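The following exercises concern the local geometry of a protein model. Each task is followed by a solution in steps.

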Amino acid sequence: MRMDFAPPDDKLAAEFLKSGAGPSDRAQAEAVRLIEAIRASVHLVPDVEAVLHAYSLSTDEGLALMSLAEALLRVPDGATSDLLIADKLRAGDWTRDTEHSSTVLAALSWTLGATARVVESADEPHSIVSGMIRRLGFPAVRAAARQLMRLLGAHFVLGETIGDALARAADAPRYRYSFDMLGEGARTAADAARYFDAYASAIAAVGAAAAPGAATARASVSVKLSALHPRYEPLSRERVLRELTPKVIELAQLAKRHDINLTIDAEEADRLELSLDVIGGVLADSSLAGWEGFGLAVQAYQKRAVDVVAWADEQARATNRKLSVRLVKGAYWDTEIKRAQERGLADYPVFSRKAMTDLSYEACAHRLLAARPRLFPQFATHNALTVATVAEMAGGYEGYEFQRLQGMGEALYEALLDAHREAACRIYAPVGSHKDLLAYLVRRLLENGANSSFVAQVSDAGIPPAQLVVPPREIIRSAGEARHPRLPMPRDLYAPARKGSRGVEFGDRAALDELLGSVAGAVKPGLAAPLIGGKAETARPSRPVLSPIDGKAIGTVHEGDDETARRAVAAALAGFAAWNATPLNRRAAILERAADAIEDERARLIALLQAEGGKTLDDALAEVREAADFCRYYAVQARETLAPRALPGPTGEANELRSRGRGVFVCISPWNFPLAIFTGQVAAALVAGNAVIAKPAEQTPLIAAEVVPLLHHCGIPVSALHLVPGDGKVGAALTADPRIAGVAFTGSTEVAQAINRALAAKSGPIVPLIAETGGINAMIVDASALPEQVTDDVIISAFRSAGQRCSALRLLCVQDDIADHVLAMIAGAAAELAVGDPRDIGTHVGPVIDREAKDRLEAWLAAMEKAGRVRFRWDAARKLPLAGTYVAPAIIELGAAGDLTEEVFGPMLHVVRWRANELDVLLDGIAANGTALTLGIQSRIDRTADRVVARLANGNVYVNRNMIGAVVGTQPFGGAGLSGTGPKAGGPHYLPRFAAEQTVTTNTAAAGGNASLLVQIA
């Protein structure tokens, strides 16, 4: 069935409000009774809920506690642990009234308060005293804090092993259980195999321990599909279906054999269709016929939730099966919102108001209950009103069950089960090591500790029960109230100044197929030639443009020479005055039209980026978006920064600062971003009033030849914009011409220095050089970092675009205490990358740009191999494509940061280890190479991040995220030192560098007196 990825909120609200009547007064009264029972049963309020209430996430202390719980148990060394504890507890007020509190809350508050006092004492300037406190106090504090975190985690984790969990479950016979082998998604094949074995072992153990009973009442094991495959992503769909579906079938067969239930957990919105494909494949397997133990989870905050319930019902009918459906509210809302904004989607896949999620939950509940007995509904909730509403819809408590999380909602369900013996509740019970619980624990804290959540409010006696049972229909009273008024649509983040670029959600099969179809139909032979005054010079000697994918010709280029350069400068000079005189607002409007045109020509541009630049689909789409963003951003900035500005001065005088074009700008762009950087440089120079000669990289002239006519068509005069393709000699001829007024260059440091020397050697005006060059970009990882997050960010930063980004990660610096584990995970994840034809949507790493680049990289790798420094090579187990210019991703281990003295521009990651007490030595080694472009920091210790940022002057610093993909207007891009001159591209200071300033002062009293002054004082 067809599901819209993000259907309109108002349409869904209208449907929800039309169907069903919501909870009656009787249901609300039942919810109030449950709330009063919770508050009366203080001894049943779980310790975690008391902690959430005492240390709300709206407070500094709550956020600090969350961070401490997320990281502390996984930090192996005492020094980093102490830094983490001190960092999180310094600024908090850890005094709480715990006289009537739970044991955990009382112990937590006492320990945190004592720890904070030790930290404060250690910060005092008396070196002997503070040193003694650090030596004597911190070890004890560290041990107490670790034990406290384990105690806190034990409330969410039923047991560290399945045996422990089963033993603990036996102590609560009135509950059913669903066991989840706790862990993150797999990054490596070894991870996936380990999780598979854990699931299989859990199924066997639960099956051996479980007593026979009705299918719906049997114990269950929950499975996370992303834990069973290292590339569980939409673009790897064919591989996932081929490799993962048989594994899930094997687990289902095992569950059937042991007579227990198996439930597939929900994933993020972009994985939903992939998950349904896998689940559908499992259901279709004939070996599972007659088994009623299979099920899936549905997230009500996803706008497709009702459709997923309908899909499950259709599957149950088609396969003559009974399915269990666990209905949850959803736990990744903040992540879904951010992803939609980053991807430039038309709308969000989740609701923006909590009350809409509650309405969706009601609608899904109606459908689930109506589909009984084909579907067995499982309602996961900690909300008393939801419990009462479901019971009213169902006409009682039979034919379905409730579910709660381990450590949450105990008082609610104790009250319910006491009052209604026929009711059933299942505990979703994580199983695993306490140090592995961090992501799960923090997610639960975020989900249930938010100010708007029922769990956070129910313990607050100051909130009347009636306020907690307001039906969502009374909050969402009409379709027009479905959206949150303060959350802009994804593409409206920068409104009203400009609209964001249009993206595509690859997890939306219909959108992806539409994009792929348009790209496939857009390929045609390309031609690039000097375009001077709108006339192409195709009579010049030509050469084929070869694709790095397979070495085949994809077009022809007619390159310029010294004479072409001279005539281009003359033509640009002739067109400068008229273009400079064009009103600023008109110049800006042309750029906005160009942005629309770039998006309209998206398919053609993506096809060229793939064929000529060797870019994967996601990289090509991102580059089209960046080019459009540059045009719109510089249009806005031109109106703001280049418009005439009145300046203060004495009465009787007008002073105005004006900006005008400098003359002819030469824009030399690189091959690694042949659309985005090419367009950004040209657009900036043009909107400032300059005439432009664009010289693209010799490897990628076809894309430039596509963009220049597009800009002409949008209104840039042919006399103001000229194209001169060619090699470095043509660029040198252009920059050496005494008539040019400025150069914008992106490329290597060596070429930038050559241009700078050429400009300095000329007599005449001193002209600006705006240069962006590369860098030996480092990422510093300390022992508080999350290994899975580090792995994801390193793989993206080092190997995306085949490592051919100025911002790419070159030098990974990992604290020695965690280095073996982290580097093994990174190598395992790198082994799962697909290297090959970038037009294949499953490819992660395409070719390097040309044979010269390939030879240079392979020579470097051979030298490192000879020196015994290569830790991982992708091609050790797989073969590279025979045709094209492919280079195997590799990991090379060095002795110290200073050992890497040059930028290795390809999929080569260099790593070094550092000791916890040698951070300053590491920073000195990084700074010594003289480049300062991008820098990554992976640490949960704010003071560590601040210390690194203060020491290193890198232009772009990324903390706890990947280091690439700078966004126009959000992360202006550019470095310092050997990495560029500044100002930053895509930033507020860029355009003025392309303009000349002029101040005009007018004596307004020259006509015989200061009339304005006389009027003011009359």
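**Exercise 1.** Determine which value of phi G868 takes, just after α32, and then describe the two sides of this helix.

*Solution.* G868, just after α32, takes a positive phi of about 75°. The model is a predicted one, in which local features need pLDDT of at least 70 and side-chain atom pairs count only at pLDDT 80 or more, while totals for chains, interfaces and linings use all residues. Residues are numbered from 1 along each chain as its sequence is written, and side-chain values use heavy atoms, without hydrogens and water.

Step 1. Helix α32 comprises 16 residues, 851-866 (helices are DSSP runs of H or I with at least four residues, strands runs of E with at least two, numbered from the N terminus). From first to last C-alpha α32 reaches 22 Å, close to the 22 Å expected (1.5 Å times one less than the number of residues).

Step 2. A853, K854, L857, W860, L861 and M864 are buried in α32 (buried: under 20% relative accessible area; exposed: over 50%; partly exposed: in between; 1.4 Å probe, protein chains only). These residues lie on the same side of α32 because they cover an arc of only 130° around the axis (taken from the directions from the helix axis to the C-beta atoms).

Step 3. E852 and K866, on the other side of α32, are exposed. The buried residues pack against β23 (870-873), β24 (890-893) and β25 (908-914) (contact: heavy atoms within 4.5 Å).

**Exercise 2.** Establish how α9 and α11 pack.

*Solution.* Step 1. The axes of α9 (residues 189-209) and α11 (residues 245-257) are 9 Å apart, at an angle of about 15° (axes are lines fitted to C-alpha atoms, for helices over the stretch in contact; angles run from 0 to 180 degrees between N-to-C directions).

Step 2. The two helices α9 and α11 are therefore roughly parallel (angles under 35 degrees).

Step 3. In the interface, F196, Y199, A200 and I203 of α9 meet K247, E250, L251, L254 and A255 of α11.

**Exercise 3.** Examine the backbone at D259, S801 and P373.

*Solution.* Step 1. Most residues other than glycine have a negative phi, and most peptide bonds are trans.

Step 2. D259, in the loop between α11 and β3 (261-264), has a positive phi near 60°. Its relative accessibility is 36%, so D259 counts as partly exposed.

Step 3. S801, in the loop between α30 (787-799) and β22 (811-815), also has a positive phi, near 60°. At 12% relative accessibility, S801 counts as buried.

Step 4. R372 and P373 are joined by a cis peptide bond, with omega about 0°.

How values were computed: Angles under 35 degrees count as roughly parallel, over 145 as roughly antiparallel, 65 to 115 as roughly perpendicular and the rest as oblique.
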